[in-house]
Amino acid sequence: MHGKKVSSAPSLYFKIIRCPIRRVQPQEMDFFKLQNENDCLQLEDEHPPPPPVWHIVKTLTTSDIGHLCRLLLNQDHIATLFSHWNQVEVQSISEGQKVQVLIKDADSGFSEHRVVICRWPSNGMYVMQSGWRPEFVVRRGLKAGDEIGLSWNSEESCFLFSVLRRA
C-alpha cells in the first residue's frame, strides 16, 4: 500500500509504519499526515528490482523431495556457481568435504536457511542436504514437477531460492 508521492524524489513513495527509529517532531506530523509521533516513514522504490538471473533452474524429481532428504545437482548445475565462489570452497566441495551455505528464500521475505553442499565421489553429482527437506520441501510444500531457481548472490555470499513454477 503506497502513500502520497514525495515531491523531491518522484520515483519514491512513502508509507507509514510503526518503528522506534526517532521521534517525529510536531511540525512534521502535519506535513506527513502522521497519526502520532511514534510513526515513521519508510521510502520505497516505485519500480521493484529486476528478478535475479537463476544460475540453476531445476524441475524437482521424486528423488529430490523424497525421504532421502537431498537435492541432486549435476555437474552443469554447479559449474556456473563455481566461478562465483572462492577457490577454497570449490576445492573443499570437489574433494568431497561438506560446506555449509546460506539460502535466502526470495518468495518468503528472504527468510534465511542453512544447508550443506557436498560432492558424491561415486558419481560426481552434488547434493544439497542437512536442511533441504525440512527448510524447503516441507515448509514450502514442494512437489515433484515443481520448477525451482537457485542463484548465487556474490555480495551476500548466499544462494537465492524461488519456486518458479508449480506442477
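This is a short tour of a predicted model, stop by stop, with something to select at each one.

**Stop 1: colour by confidence**

Start by colouring the chain by pLDDT. The average is 77, and 69% of the residues score at least 70. Now select residues 1-21, where pLDDT stays under 50. For that stretch the model has 46 contacts beyond four places in sequence.

**Stop 2: helix 3**

Next, select residues 75-82, which make up helix 3. Which of its residues are buried? Show the side chains of His77, Ile78, Leu81 and Phe82: these are the ones. Look down the axis and you will find that they cover an arc of only 125°, so they sit on the same side of helix 3.

To see what covers these buried residues, add the surrounding elements. Among them are strand 3 (56-59), strand 4 (71-73) and helix 4 (87-94). Strand 7 (126-129), strand 8 (147-153) and strand 9 (158-165) also belong to the cover.

Before leaving, zoom in on the start of helix 3. There, a side-chain oxygen of Asn74 comes to within 3.0 Å of the backbone nitrogen of Asp76.

**Stop 3: Ile56, across from the helix**

Select Ile56, in strand 3. Is Ile56 buried or exposed? Its relative accessibility is 2%, and buried means under 20%, so Ile56 counts as buried. Draw a distance from its C-alpha to that of Ile78: the viewer should give 7.8 Å, for two residues 22 apart along the chain.

Now expand the selection to what Ile56 touches, ignoring neighbours within four places in sequence. From helix 3 come His77 and Leu81. The other contacts are Leu73, Ile148, Gly149 and Leu150.

**Stop 4: the aromatic rings**

How many aromatic pairs does the model hold? The count comes to eight. Begin with Phe82 and Trp85, a tilted pair with 5.6 Å centre to centre and 55° between the planes. Both of these residues are buried.

Keep Phe82 selected and add Tyr126. This pair is edge-to-face, at 5.7 Å centre to centre with 85° between the planes. Because Phe82 lies in helix 3 and Tyr126 in strand 7, the pair ties together parts that are 44 residues apart in sequence. Tyr126 is buried, as is Phe82.

To complete the picture, add Trp152 and Phe159. Together with Phe82, Trp85 and Tyr126, they form one aromatic cluster.

**Stop 5: a charge over a ring**

Finally, select Arg139 and Phe136. The charged end of Arg139 sits over the Phe136 ring, 5.6 Å from the ring centre.

Terms used:
Residues are numbered from 1 along each chain as its sequence is written. This is a predicted model: local features need pLDDT of at least 70, side-chain atom pairs count only at pLDDT 80 or more; totals for chains, interfaces and linings use all residues. Side-chain values use heavy atoms; hydrogens and water are left out. pLDDT is the predictor's confidence in each residue, from 0 to 100. Contact means heavy atoms within 4.5 Å. Buried means under 20% relative accessible area, exposed over 50%, partly exposed in between (1.4 Å probe, protein chains only). Helices (H or I, at least four residues) and strands (E, at least two) are DSSP runs, numbered from the N terminus. The arc is that of the directions from the helix axis to the C-beta atoms. A polar contact is a pair of N or O atoms within 3.5 Å; within protein, one must be able to donate a hydrogen and the other to accept it, and residues adjacent in sequence count only if both atoms are side-chain atoms. Rings of Phe, Tyr and Trp (its six-membered ring) pair if their centres lie within 6.5 Å; planes under 30 degrees apart count as stacked, over 60 as edge-to-face and the rest as tilted. A charge sits over a ring if NZ of Lys or CZ of Arg is within 6 Å of the ring centre and within 35 degrees of the ring normal.
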